[in-house]
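Student: Could you show me how to read salt bridges in a model like this one?
Tutor: Gladly, let us look at it together.

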Amino acid sequence: QVQLVESGGGLVQPGGSLRLSCAASGSISNFGAMGWSRQAPGKQRELVAAISGGGSTNYVDSVKGRFTISRENAKNTVYLQMNSLKPEDTAVYYCYADRAYIFPTPRAYWGQGTQVTVSS
């Protein structure tokens with residue numbers, strides 16, 4: 001069992017930046033797949049960014065070139081650097097960890113989420 005705790009969300013103006021962190025209670029080196037999804041009010045949850053144990057990454061088209069996912073196994077932490085934020089990025093962001101290759105499966109562990117609001 002592992003617990004994931006997200007932090008770094010908040011209110012930011014359009015064009016601004018935020019860095020989300022996801023700290024795991026145990027070692028993440030056993031989890032090949034880690035990443036972030038988000039859910040906006042009235043919308044389905046969507047996968048935003050994913051990273052494999054080997055460092056391969058995958059992004060949803062709407063954030064390519066603006067978001068960067070990274071992982072630091074020594075600190076059991078995954079990050080999501082978000083630049084050039086837009087109002088449509090407003091959502092609750094959730095971190096996941098899974099023993100799959102890169103994408104979450106029904107066996108994935110999920111954090112409680114952190115709110116990101118992009119507004120002037």
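Tutor: What follows is a short talk about salt bridges and the residues that form them. This is a predicted model, in which local features need pLDDT of at least 70, side-chain atom pairs count only at pLDDT 80 or more, and totals for chains, interfaces and linings use all residues. Residues are numbered from 1 along each chain as its sequence is written, and side-chain values use heavy atoms, with hydrogens and water left out.

Student: What is a salt bridge, and how many salt bridges are there?

Tutor: Side chains of opposite charge can pair when their charged atoms come close. The rule asks for a side-chain nitrogen of Lys or Arg within 4 Å of a carboxyl oxygen of Asp or Glu, and the count here is four.

Student: Which residue forms a salt bridge with glutamate 46?

Tutor: Arginine 38 does, with the closest N and O atoms 2.7 Å apart. Glutamate 46 is partly exposed at 30% relative accessibility, while arginine 38 is buried at 6%. Buried means under 20% relative accessible area, exposed over 50%, and partly exposed in between (1.4 Å probe, protein chains only).

Student: Where does aspartate 89 lie?

Tutor: Aspartate 89 forms a salt bridge with arginine 38 at 3.0 Å between the closest N and O atoms. Aspartate 89 lies in the loop between strands E8 and E9 and arginine 38 in strand E4, so the pair ties together parts 51 residues apart in sequence. Strands (E, at least two residues) are DSSP runs, numbered from the N terminus. Aspartate 89 also meets arginine 66 in a salt bridge (2.8 Å, N to O). Shared partners join Arg38, Glu46, Arg66 and Asp89 into one network.

Key: Helices (H or I, at least four residues) and strands (E, at least two) are DSSP runs, numbered from the N terminus.
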